[in-house]
Amino acid sequence: MLQARRIVVKVGSSSLTTATGGLDADRVDALVDVLAKAHERGTDAGPVEIVLVSSGAIAAGLSPLGLEKRPSDLARQQAAASVGQGLLVARYTASFARYGLRVGQVLLTADDASRRAHYRNAYRTLEQLLAMGAVPVVNENDTVATAEIRFGDNDRLAALVAHLVRADLLVLLSDVDGLYDGDPSKPGTSRIAEVHGPDDLAGVEIGSAGKAGVGTGGMVTKVEAARIATGAGIPVILTAARHAAAALAGRDTGTLFHRTGRRAADRLLWLEHASSPRGAITLDAGAVAAVVERRTSLLPAGVTGVEGDFAAGDPVDLLDENGHIVARGLVNFDARELPRLLGRSTRDLARELGPAYEREVVHRDDLVVLTG
């Protein structure tokens, strides 16, 4: 772990704010102290690059807006995020400035992740910030994100960002010092020091959101984030914010999730884990075999049905004849265009409708198989 050159660190709302809402400047400064010193210490190969995925915008906006707790309706959440995001980044900017480090704000929605051009732009921005010695501070764009285009929690966002920037390590900081084999508040439970795969979690009772009431996640989302990252070849440390220095120094703390897979194709990981389907396309048996087993593109000839109101470029689920989801992909046609293309060859379509229709419904480069 000491040789991790690029580290994504995610910190939750409860580790940055007071119980009543509003930023806790001392907590923010304590976290920045750890991150800045890790950056300065570096490794044998050079400085450590830090990407910070930070929750806290909505929580920071509660007190200034006179809200006693996180609102349940989307409009007031967005308003709180609008006020709080500025306060959060200003606090980070001032705190990192004590070490001569600049901060760059990067706000993302799931829509940015699954669309090809948006994804490349996010990658280039983060890479350039790191190349110029800045610390990217990433958060979900809560001021505009709706239910259809939300990541849902910053744990999952952090796992996907770690993959995007090709991180060597993901550190998830919380108010709990690791994963336990039961409720950590009850006697008889113990910390799980290492997880090598799903079998190590068999029978483990994983809790939901904590008591602070300012965040959206919990241990469930952290374990899911660890599964995403480790499956893509990135080890994960889950520990309490107060143990951040130990985690970044490679000392034994929290729970270490070992790699379980290799790096996946960039956008396909985001398509699988960050996109919300806008509709569904039903395939015949031959098309299912072609997509799932031979990993080919989906052609109009294999489509038997269309559901939903989607536009070209939107994510859609691909269903077998029994309605089971077998894949997800970015569709090349609007929902209203597809019905007249069903079951027809691209050659016939091009002859009748023009060369623009001699293309795949979903190209294999924009498709991820979810079964088999």
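Helices and strands here are runs assigned by DSSP and numbered from the N terminus. With that numbering, aspartate 168 sits in the loop between helix 6 (154-164) and strand 5. The model is predicted, and the tour starts at this residue.

**Stop 1: aspartate 168**

Select aspartate 168. Its relative accessibility is 33%, so aspartate 168 counts as partly exposed, the class between 20% and 50%. Leaving aside residues up to four places away in sequence, aspartate 168 touches Ala4, Arg5, Arg6, Ile234 and Pro235. Add arginine 5 to the selection: the side chain of aspartate 168 reaches the backbone nitrogen of arginine 5 at 2.9 Å. Then add valine 236, which is 68 residues from aspartate 168 in sequence, with 9.3 Å between the two C-alpha atoms.

**Stop 2: arginine 6 and glutamate 49**

Arginine 6 was one of the residues touching aspartate 168. Select arginine 6 together with glutamate 49; their side chains meet in a salt bridge, at 2.8 Å from N to O. This pair links distant parts of the chain, as arginine 6 belongs to strand 1 and glutamate 49 to strand 2, 43 residues apart. Is arginine 6 buried or exposed? Its relative accessibility is 13%, so arginine 6 counts as buried.

**Stop 3: the open sheet**

Now show the strands as a cartoon. Eight of them, 8 strands in the order 3-4-2-1-5-7-8-6, form an open sheet with mixed pairing. Strand 3 (103-108) and strand 6 (194-195) are the edge strands, each pairing on one side only. Go to the edge at strand 3, which pairs with strand 4 (residues 135-140) in the parallel sense over 6 bridges. To see one position along this pairing, select glycine 104, which stands opposite proline 136 in strand 4. Helix 3 packs on the sheet here and touches strand 1, strand 2, strand 3 and strand 4. The direction of helix 3 makes about 150 degrees with that of strand 3.

**Stop 4: helix 1**

Select residues 25-41, which make up helix 1. What span should the 17 residues of helix 1 have? At 1.5 Å a residue, the expected value is 24 Å, and the end C-alpha atoms are 24 Å apart, which agrees.

Turn the view to see helix 1 lying across strand 1, strand 2 and strand 5; helix 1 runs at about 155 degrees to strand 2. Colour its buried residues: Val28, Asp29, Leu31, Val32, Leu35, Ala36 and Ala38. An α-helix has 3.6 residues a turn, so residues three or four places apart point the same way. The elements that cover the buried residues of helix 1 include strand 1 (6-11), strand 2 (49-54), helix 3 (74-97), strand 5 (169-174) and helix 8 (244-248).

Next, look at the two ends. At the N-terminal end, aspartate 24 caps helix 1, with a side-chain oxygen 3.1 Å from the backbone nitrogen of aspartate 26. Aspartate 24 also meets arginine 27 in a salt bridge between side chains, at 3.8 Å from N to O. Both partners are partly exposed: aspartate 24 has 21% relative accessibility, and arginine 27 has a relative accessible area of 37%. At the other end, glycine 42 comes just after helix 1 and takes a positive phi of about 65 degrees.

**Stop 5: more salt bridges**

How many salt bridges does a search of the whole structure find? The search finds 15. For another of them, select arginine 76 and aspartate 73, whose closest N and O atoms are 2.7 Å apart. Arginine 76 is partly exposed, at a relative accessible area of 42%, and aspartate 73 is also partly exposed, at 27%. Then select Asp29, Asp33, Arg91 and Arg98, which are joined into one network by salt bridges that share partners. Asp29 has already appeared among the buried residues of helix 1.

**Stop 6: strand 9**

Finish at strand 9 (residues 279-283), which is mostly covered, with 5 of its 5 residues buried. Gly279, Ile281 and Leu283 point one way from the strand, while Ala280 and Thr282 point the other way.

Strand 9 has two partners to select. Strand 10 (residues 303-308) runs antiparallel to strand 9 and is joined to it by 5 bridges; leucine 283 stands opposite valine 303 there. Strand 11 (residues 315-319) runs parallel to strand 9, with 3 bridges between them, and threonine 282 stands opposite leucine 319 in strand 11.

Notes. Residues numbered from 1 in each chain as written. Predicted model: local features only at pLDDT ≥ 70, side-chain atom pairs only at ≥ 80, totals over all residues. Heavy atoms only, no water. Helix = DSSP H or I, 4+ residues; strand = E, 2+ residues; numbered from the N terminus. Expected span 1.5 Å × (residues − 1). Buried < 20%, exposed > 50% of the residue type's maximum accessible area, 1.4 Å probe, protein only. Contact = heavy atoms within 4.5 Å. Polar contact = N/O pair within 3.5 Å; in protein donor to acceptor, adjacent residues only side chain to side chain. Pairing = 2+ DSSP bridges. Axes fitted to C-alpha atoms, helices over the stretch in contact; angles between N-to-C directions. Salt bridge = Lys/Arg side-chain N within 4 Å of Asp/Glu carboxyl O.
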